[in-house]
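The following questions and answers accompany the model shown below. Please keep both the sequence and the coordinates in view while reading.

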Amino acid sequence: MVLDISESETVEAVDALEEFHLVDRVNGSENLDGMCDHGPWWRTVHPHMAAAHMAGAESRLRRQLYELNTRRDSLTALASAYPAGAHREAQPSGALEVVDSLDDVITLIEQASAECTQEMITCQPGGGRPPAELEQAVDRDTALLARGVRMRTLYQHSARRHAPTQAYVDRVTPAGAQVRTMTDLFGRLVAFDRRIAFVPHHQRRGGAVVLRSPAAVAYLCDAFDRAWDHATPFCGAERTKVAVDDLRQGILRLLSKGLKDEVIARRLGISLRTCRKHIADLFQELQAESRFQAGYLAATRDLLGEIAR
C-alpha cells in the first residue's frame, strides 16, 4: 500500500510508533537491502505487547516515587530531632562506637538491657533466629517485661513457620511483649529507651555499631515505627493467612523487578524451595508462562498497586 505522505513524514511516523513499541525491526532485514531502497523492514506489534513494555517502567517509577516520599518523611522527622546549631558542634564522645567482637556486643546489649526502663524495640530480618539465641533472649526479655518495659519486635513473615521462633513468641507475649511480621524489613536493629541503638557491622560478622547520638537513634526508631504500623500481629490463623498473602505479593513484586529466585528467597527470609513453590503457585493462578508475563499480568490486574504506591 502506498501512503500519500512524504518520506520525512514517514520517518517521523515510524519513530513515533517505535517510541510507543508499536513497531520493531524485522530480524535480518539488513540483508534485504537489495529488495528495498528505504532502509530496514518493520513489523507491527500488538498494543497489548506494547503495553507490557510500559507496565514494567510504570511499576519502577511508582516504586521510586514511594521510596523518595518515604525518605523525605524520614528526613523531615530527623530534622525535627536535630538541635539548632548542632551542625556547628563536634559530636559528643561515644556518639558512635564500632565493636568488632561478638562477645563485646553481647556484653553491651546486656548492659543496655539492664539499664532500660521504658522501651526496647528490635527488628530481626532473615526469618527465624537461631534456637540458642532465642533461648538466651527469653530470660533477658521476660526480665525486662517484669520491670514494666514495653517490648516490640519485628520479624519477617517467614518466621511464622519457624518452630523455635513460635515457641519464643508463645513465651514472651503472655508477659506483655508485642510481636509483628511483614514481608520485607529495613535492616537489623536493637534499641533501648530511644537513647542507644545497635546495628550490624558492615564487614565483621557478629560485630556491631553502637549509636548514642540522639538524632541518629531517633531516625532509626522512626523507621521502626513506620514499619510497625504496616506489620501484621504474630498470632491467630487468620493473621497467618494475611501474612502469607503479603509474602506472596512480595514475591510477585520482586518477580516483576526481574530478580532471581535465590535473591528473592534471601530478601524475604525464606528457603529457596519455599520460594519456588510460591512462584509455581503464582504462575498457575495467573496462567503465566514466564516471569515477564507474570509481572505484566500482575500489573494489569493491579495486584502490585498497594506495594507500588
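**Pockets, cavity, sheet and selected residues**

Q: Which residues lie nearest the centre of the largest pocket?
A: A pocket is an open set of points on a 1 Å grid over the protein atoms alone, with protein on both sides within 12 Å along at least five of seven lines, and its lining residues have an atom within 4 Å of a point. This is a predicted model, in which local features need pLDDT of at least 70 and side-chain atom pairs count only at pLDDT 80 or more, while totals for chains, interfaces and linings use all residues. Residues are numbered from 1 along each chain as its sequence is written, and side-chain values use heavy atoms, with hydrogens and water left out. Of the 34 residues in the lining of the largest pocket, those nearest its centre are Arg63, Tyr66, Thr70, Met182 and Asp184.

Q: Which element provides the largest share of the lining of the largest pocket?
A: This pocket holds about 1200 Å³, a volume being the space filled by probe spheres set on grid points that are joined across faces, edges and corners. Two or more lining residues come from each of α2 (47–81), β6, α6, α7 (237–256) and α11 (305–308), where helices (H or I, at least four residues) and strands (E, at least two) are DSSP runs numbered from the N terminus. The largest share, eight residues, is that of α2.

Q: How many charged residues line the largest pocket?
A: Asp, Glu, Lys and Arg count as charged; Ala, Val, Leu, Ile, Met, Phe, Trp, Tyr, Cys and Pro count as nonpolar; the others, Gly among them, count as polar. The lining has twelve nonpolar and eleven polar residues, and the number of charged ones is eleven.

Q: Which element gives the most residues to the lining of the second largest pocket?
A: The volume of this pocket is about 1000 Å³. It has 30 lining residues, with Leu102, Ile109, Gln124, Glu133 and Arg188 closest to its centre. At least two lining residues come from each of α3 (102–115), β4, α4, β7 and β8. With five residues, the element that gives the most is α3.

Q: What volume does the largest cavity have?
A: A cavity is a set of points where a 1.4 Å probe fits but cannot get out, and the structure holds one of 30 Å³ or more. Its lining consists of Met120, Thr122, Arg129, Arg140, Asp141, Met151, Thr153 and Tyr168, with two or more residues from each of β4 (119–124), α4 (131–146) and β5 (150–156). These lining residues divide into three nonpolar, two polar and three charged. The space enclosed is about 40 Å³.

Q: Which strands stand at the edges of the sheet?
A: Strands of a sheet pair through backbone hydrogen bonds, in a parallel or antiparallel sense; here, pairing requires at least two DSSP bridges. Eight strands form an open, mixed sheet in the order β3-β9-β8-β7-β4-β5-β6-β10. A single partner strand each, so that one side lacks a neighbour in the sheet, is the situation of β3 (96–99) and β10 (232–233).

Q: What angle does the direction of α6 make with that of β5?
A: Five bridges join β5 in parallel to β6 (178–182), and Thr153 stands opposite Val179 there. Helix α6 (214–229) packs on the sheet, touching β4, β5, β6, β7 (189–192), β8 (196–200) and β9 (208–211), with contact meaning heavy atoms within 4.5 Å. Axes are lines fitted to C-alpha atoms, for helices over the stretch in contact, and angles run from 0 to 180 degrees between N-to-C directions. The angle is about 65°.

Q: Which residue in β7 is the bridge partner of Ile121?
A: Both faces of β7 are covered, with Leu189 and Ala191 buried on one side and Val190 and Phe192 on the other; buried means under 20% relative accessible area, exposed over 50%, and partly exposed in between (1.4 Å probe, protein chains only). β4 and β7 are antiparallel, with four bridges. The partner of Ile121 is Ala191.

Q: What phi value does Asp193 have?
A: β7 and β8 run antiparallel, joined by three bridges, and Phe192 stands opposite Ile196. The two strands form a hairpin with three residues between them, and Asp193 in the turn has a positive phi of about 55°.

Q: Is Asp261 buried or exposed?
A: Asp261 belongs to helix α8 (261–268). Beyond residues up to four places away in sequence, Asp261 touches Leu272, Cys275, Arg276, Ile279 and Arg291. Its relative accessibility is 12%, so Asp261 counts as buried.

Q: What distance separates the C-alpha atoms of Gln249 and Ala298?
A: Gln249 is in helix α7 and, at 22% relative accessibility, counts as partly exposed. Ala298 is 49 residues away along the chain, yet the C-alpha separation is 9.5 Å.
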